[in-house]
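User: I'd like to learn how to read a model like this one feature by feature. Could you take me through it, with the general idea and then the case at hand?

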Amino acid sequence: MDFKTFLEQEKQQDYYKKLVAFINKESQSHTIYPPYKDIFNAFELCDFDETKVIIIGQDPYHGESQAMGLAFSVNEGIKLPPSLRNIFKEIREDVGITNSNGSLINWAKQGVLLMNTTLTVKSASPMSHQNKGWEIFTTKWIQLLNDQKEGLIFVLWGNHAQQFEKIIDTNKHHIFKSAHPSPLSASRGFFGSKVFSKINTLLQHSIDWSTD
C-alpha cells in the first residue's frame with residue numbers, strides 16, 4: 001500500500017468529503033495551518049514500506065510559519081516550541097546529540113512517521129479542527145500499518161496518543177509510552193525515559209536523531 005492509493009480511496013468516503021468541505025469553508029475566513037501543500041508531509045516523506053517508528057502527536061502548531069506537516073516539527077529557522085525543546089533535551093541526555101534545527105525531516109526520511117491525528121488547525125485556535133474527520137483518516141492509517149507490517153515501534157506520549165494503544169497488536173509490534181514532552185508533564189516520566197536509545201536497540205539500522 002502506498003499513501004497515494006490510500007488517499008484516493010479515502011477521498012471517495014463521505015466523511016472525507018465533509019472534512020474537505022469544512023476546511024474549504026474555514027479557509028475562506030481564517031488562516032489554516034499547515035499550508036495546503038504540507039498537510040500530508042508526514043505520509044509523503046515517510047514511505048509506508050520504509051516506516052519503522054511511529055510517533056503520534058495531536059494537532060499541528062497553530063502559530064505563524066510553525067506547522068509543516070510533521071508532528072512536533074517546525075520549519076527550519078523557526079524558534080523551537082516548548083515540547084520540541086524538551087524532546088531535544090531528552091535526546092541530548094539520552095544519546096548525546098545536540099540539536100538546534102527544529103525541522104525533523106531527517107527523521108522522517110529514515111522511516112520515522114511523525115503523524116498528528118488531526119492534520120489541520122485554525123490559526124491561534126488549538127484543536128479547532130478536532131472531530132471533523134481527520135481522526136478517522138489517521139486511525140485508518142495506523143490500523144493499516146498495524147495489520148500489514150511487523151516489528152513497528154509506536155511511541156505514545158501522553159493520554160491522547162495512548163488512546164491508540166488498543167488498536168496496536170503488541171504480539172507484532174512494540175510500544176513505548178510516557179508522559180507528553182509538554183512542559184506541563186515532561187517531568188512526570190518523559191524526562192529520563194531514554195526512549196530514543198531504546199528505539200535504536202530494537203532496530204537493525206539505528207535512527208540518527210540529529211537534525212542539524
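**Contacts, strands and backbone**

Analyst: Let's begin with contacts, meaning heavy atoms within 4.5 Å. Leaving out residues up to four places away in sequence, asparagine 200 touches Ser206, Ile207 and Trp209. This is a predicted model in which local features need pLDDT of at least 70 and side-chain atom pairs count only at pLDDT 80 or more, while totals for chains, interfaces and linings use all residues. Residues are numbered from 1 along each chain as its sequence is written, and side-chain values use heavy atoms, with hydrogens and water left out.

User: Which helix holds asparagine 200, and is asparagine 200 buried or exposed?

Analyst: Helices (H or I, at least four residues) and strands (E, at least two) are DSSP runs, numbered from the N terminus. Asparagine 200 belongs to helix α8, residues 195-202. For burial, read the relative accessible area: under 20% is buried, over 50% exposed and anything in between partly exposed (1.4 Å probe, protein chains only). Asparagine 200 counts as buried because its relative accessibility is 16%.

User: How do I read the sheet, and what is the order of its four strands?

Analyst: Look for pairing, which takes at least two DSSP bridges between two strands. Here the four strands form an open sheet in the order β3-β2-β5-β6, and the pairing is parallel. At the edges are β3 (112-116) and β6 (174-178), each paired on one side only. Angles run from 0 to 180 degrees between N-to-C directions, using axes fitted to C-alpha atoms (for helices, over the stretch in contact). With direction ignored, neighbouring strands of this sheet are turned by 20° against each other on average.

User: How many bridges join β5 to β6, and how many link β2 and β5?

Analyst: β5 (residues 153-157) is joined to β6 by five bridges, with the two strands running parallel. β2 and β5 pair in the parallel sense over four bridges. You can follow the register residue by residue. Isoleucine 153 of β5 has valine 53 opposite it, and isoleucine 153 also stands opposite histidine 174 in β6. Further along, tryptophan 157 faces serine 178 of β6.

User: Which way do the side chains of β5 point?

Analyst: In a regular strand, side chains alternate between the two faces of the sheet. In β5, Ile153, Val155 and Trp157 point one way, Phe154 and Leu156 point the other way, and all are buried. That fits the count for the strand: five of the five residues in β5 are buried.

User: What lies across the sheet strands β2, β3 and β5?

Analyst: Helix α6 (residues 134-148) does, crossing β2 (53-57), β3 and β5 and running at about 155° to β3.

User: What should I check in the backbone? Which peptide bond is cis, and where are phi values positive?

Analyst: The bond from tyrosine 33 to proline 34 is cis, with omega near -10°. Proline 34 sits in the loop between β1 (32-33) and α3 (41-45). For phi, look at serine 65, which has a positive value of about 65° although it is not a glycine. Serine 65 is in the loop between β2 and α4, and its relative accessible area of 38% makes it partly exposed. Asparagine 131 also has a positive phi, near 60°, without being glycine. Its loop runs between β4 (121-122) and α6, and asparagine 131 counts as exposed because its relative accessibility is 63%.
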